[in-house]
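Visitor: Could you walk me through this structure, starting with the sequence and the picture?

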Amino acid sequence: MILCYIYENMADFEITLLLHRLRNTGKKTCVYISDNKDLIKAQSGLTYIADKTIDDITDISNVEALIIPGGPINNQQNGICNLIQELIKQKKLVAAICFAPQFLGRSGVLTWYKFTTSCSAEKIAQLGVSDPFCWENYLNERTVVDRNVITAQGFAFVDFAIEVCKYLHIFESELQLEQQLLRVKTDTM
């Protein structure tokens, strides 16, 4: 089972390709979790409702991964932190994109893991919120894979999908990976 944390004003486009591949190629069950069962409006304007609340997740033995899309920095949104800590302790995959590594930072995970994010110390100061990031472990890369944590910058959502799918062994071969994801990626740099 793959858990996906959804929350108000999340950047849903950053994870839709990944979730599509996990469900259709990988035949994975995706369960959408949130702090409550209220309607959630994403940055796209689409609304979502969670399958379960975070508190409903009491047994993580069949959880393979937690996927977290980016969204606004929000110091009050910490309900997911205990679950992240437990998943890390159990060596389950935690994958966060764009500003979502903030949740790993507030969980204390980024003290031990290399990461990337679209956020910056300057942006944090501009927002006037507490800085959740352990900047000495930051790498200015499109994606960073460090053991069971995958992080990505928001514009690298295809790379993020590739790394998570590779980690979870979604593709039967390099050819299938090429046909379903790599051909979507273009390098314009």
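**A guided conversation**

Visitor: What is the relative accessible area of Glu64?
Guide: Buried means under 20% relative accessible area, exposed over 50% and partly exposed in between (1.4 Å probe, protein chains only). Glu64 falls in the partly exposed class, with a relative accessible area of 29%.

Visitor: Before we go on, what kind of model is this?
Guide: Residues are numbered from 1 along each chain as its sequence is written, and side-chain values use heavy atoms, with hydrogens and water left out. Local features need pLDDT of at least 70, side-chain atom pairs count only at pLDDT 80 or more, and totals for chains, interfaces and linings use all residues, since this is a predicted model.

Visitor: Which residue forms a salt bridge with Glu64?
Guide: A salt bridge here is a side-chain nitrogen of Lys or Arg within 4 Å of a carboxyl oxygen of Asp or Glu. For Glu64, the closest N and O atoms of the pair are 2.9 Å apart, and the partner is Lys28.

Visitor: How many residues apart in sequence are the parts that Glu64 and Lys28 tie together?
Guide: Helices (H or I, at least four residues) and strands (E, at least two) are DSSP runs, numbered from the N terminus. Glu64 sits in the loop between strand S5 (52-53) and S6, while Lys28 sits in the loop between H1 and S2. The pair therefore ties together parts whose separation in sequence is 36 residues.

Visitor: Which residue meets Arg142 in a salt bridge, and is that partner buried or exposed?
Guide: The N to O distance is 2.9 Å, and the partner is Asp159. This pair links distant parts of the chain, 17 residues apart: Arg142 is in the loop between helix H4 (121-127) and strand S8 (143-146), and Asp159 is in helix H5. Arg142 is partly exposed, with a relative accessible area of 24%. At 8% relative accessibility, Asp159 counts as buried.

Visitor: Which residue meets Arg147 in a salt bridge?
Guide: The two side chains come together with 2.9 Å from N to O. The acidic partner counts as buried, at 14% relative accessibility, and its name is Asp146.

Visitor: Which residues of H1 are buried?
Guide: H1 (residues 13-24) has twelve residues and reaches 17 Å from its first C-alpha to its last, close to the 16 Å expected (1.5 Å times one less than the number of residues). Its buried residues cover an arc of only 160° around the axis, taken from the directions from the helix axis to the C-beta atoms, which puts them on the same side of H1. They are Glu14, Ile15, Leu18, Leu19, Arg21 and Leu22.

Visitor: Which strands and helices are among those that cover this buried side of H1?
Guide: Contact means heavy atoms within 4.5 Å. The cover of the buried residues includes two helices, H5 (157-167) and H6 (174-180). It also includes the strands S1 (2-5), S2 (30-34), S6 (65-68) and S7 (93-97).

Visitor: Which strands are at the edges of the open sheet?
Guide: Two strands pair if DSSP finds at least two bridges between them. Seven strands form the sheet, in the order S5-S2-S1-S6-S7-S9-S8, with mixed pairing. Those that pair on one side only are S5 and S8.

Visitor: Which residue in S9 stands opposite Val145?
Guide: S8 and S9 (residues 149-152) run antiparallel and are joined by four bridges. Opposite Val145 stands Ile150.

Visitor: And which residue in S2 stands opposite Leu3?
Guide: S1 and S2 run parallel, joined by four bridges. From S1, Ile2 and Cys4 point one way and Leu3 and Tyr5 the other way, and all are buried. Facing Leu3 in S2 is Val31.

Visitor: At about what angle does H5 run to S7?
Guide: Axes are lines fitted to C-alpha atoms, for helices over the stretch in contact, and angles run from 0 to 180 degrees between N-to-C directions. H5 lies across S6, S7, S8 and S9, and its angle to S7 is about 175°.

Visitor: What phi does Cys98 have?
Guide: Cys98 lies in the loop between S7 and helix H3 (101-106), and counts as buried at 14% relative accessibility. Although Cys98 is not a glycine, its phi is positive, at about 65°.
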